[in-house]
Amino acid sequence: MALRLGDTAPDFTAETTQGTLAFHEWLGSAWGVLFSHPKEFTPVCTTELGRVAKLEPEWDARNVKVIGLSVDSLADHEGWSADIEETQGVALNFPLIADHDRRVADLYDMIHPNADDTFTVRSVFVVGPDKSIKLTLTYPASTGRNFDELLRVIDSLQLTADHQVATPVDWKDGDDCIIVPTLSDDDAKAKFPKGFKTVKPYLRVTPQPNR
Ligand code: BEZ
């Protein structure tokens with residue numbers, strides 16, 4: 001059965017480019033991004049992995065650990081890492097799971113047989129510190145992901161986990177937020193000292209609370 005938001009991210013032990021690791025233990029109290037790509041030595045995947053490596057300071061600033069996966073062997077991962085460094089100008093700085101027996105891919109339903117019955121699609125799972133799934137994304141092999149969008153969503157997830165706000169369309173860190181409709185005006189006045197604007201009774205806008 002497909003994994004849904006709020007489900008516990010299945011735990012696993014896997015061989016990676018940084019040694020064997022147990023997923024939940026490795027995550028510790030951090031947020032996690034588990035993402036699959038179809039295959040080693042392919043062009044789009046090469047650009048994606050370089051981008052994820054370049055974003056290391058952004059993951060660190062958000063207390064996020066990233067981990068990649070494909071159904072290739074550890075030897076292929078290691079050979080390809082050198083190509084990523086050469087072509088993308090950055091060395092891999094996060095683990096890649098060598099899921100040659102598809103154990104993790106099957107646990108997370110990352111192989112979509114009507115798209116391709118051999119390789120993983122471009123899946124993304126964001127996992128919260130409570131190990132529950134906060135976000136899923138699925139892209140086809142032909143389309144590289146936008147990791148800026150992933151960072152944007154993580155900013156929203158982390159903000160809305162701590163404050164009674166939601167984030168509107170195209171929101172970016174620093175933009176105004178929406179007060180959740182379940183909060184009364186009186187409670188909103190107490191919780192949001194910067195104030196809020198009532199556009200409609202259900203649409204109340206306040207400056208980002210953690211700034
Ligand atoms: C790529 O990463 O370029 C790719 C991988 C599998 C199918 C199509 C493209």
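A salt bridge is a side-chain nitrogen of Lys or Arg within 4 Å of a carboxyl oxygen of Asp or Glu. The model used here is predicted: local features need pLDDT of at least 70, side-chain atom pairs count only at pLDDT 80 or more, and totals for chains, interfaces and linings use all residues. Residues are numbered from 1 along each chain as its sequence is written, and side-chain values use heavy atoms, with hydrogens and water left out.

**Exercise 1. Find the salt bridge of R211 and place both partners in the chain.**

Step 1. The side chain of R211 meets that of D173, with N to O at 2.8 Å.
Step 2. R211 lies in the segment after β11 (203-206). D173 sits in the loop between β8 (165-166) and β9 (177-179). Strands are DSSP runs of E with at least two residues, helices are runs of H or I with at least four, and both are numbered from the N terminus.
Step 3. The partners are 38 residues apart in sequence, so the pair ties together separate parts.
Step 4. Now check accessibility. Buried means under 20% relative accessible area, exposed over 50%, partly exposed in between (1.4 Å probe, protein chains only). R211 counts as exposed because its value is 60%. D173, at 40%, counts as partly exposed.

**Exercise 2. Are E48 and R122 buried or exposed, and which elements hold them?**

Step 1. E48 forms a salt bridge with R122, and their closest N and O atoms are 2.9 Å apart.
Step 2. E48 belongs to helix α2 and R122 to strand β6, 74 residues apart.
Step 3. Both residues are buried.
Step 4. Salt bridges that share partners join E48, R122 and R145 into one network.
Step 5. The structure holds twelve salt bridges.

**Exercise 3. Which residues touch the most other members of the largest nonpolar core?**

Step 1. Fix the term. A nonpolar core is a set of buried Ala, Val, Leu, Ile, Met, Phe, Trp, Tyr and Cys residues joined through side-chain atoms within 4.5 Å.
Step 2. The largest core has 26 residues, and V33, L49, W59, F94, V126 and L150 touch the most other members.
Step 3. Look at the suppliers. Elements giving at least two residues each include β3 (31-36), α2 (43-54) and β6 (122-127). Helix α6 gives the most, with six residues.
Step 4. Zoom in on V33. Leaving aside neighbours within four places in sequence, its contacts (heavy atoms within 4.5 Å) include W59, V126 and L150.
Step 5. Another core lies apart from this one. That core has 21 residues, among them L3, F23, V71 and M110.
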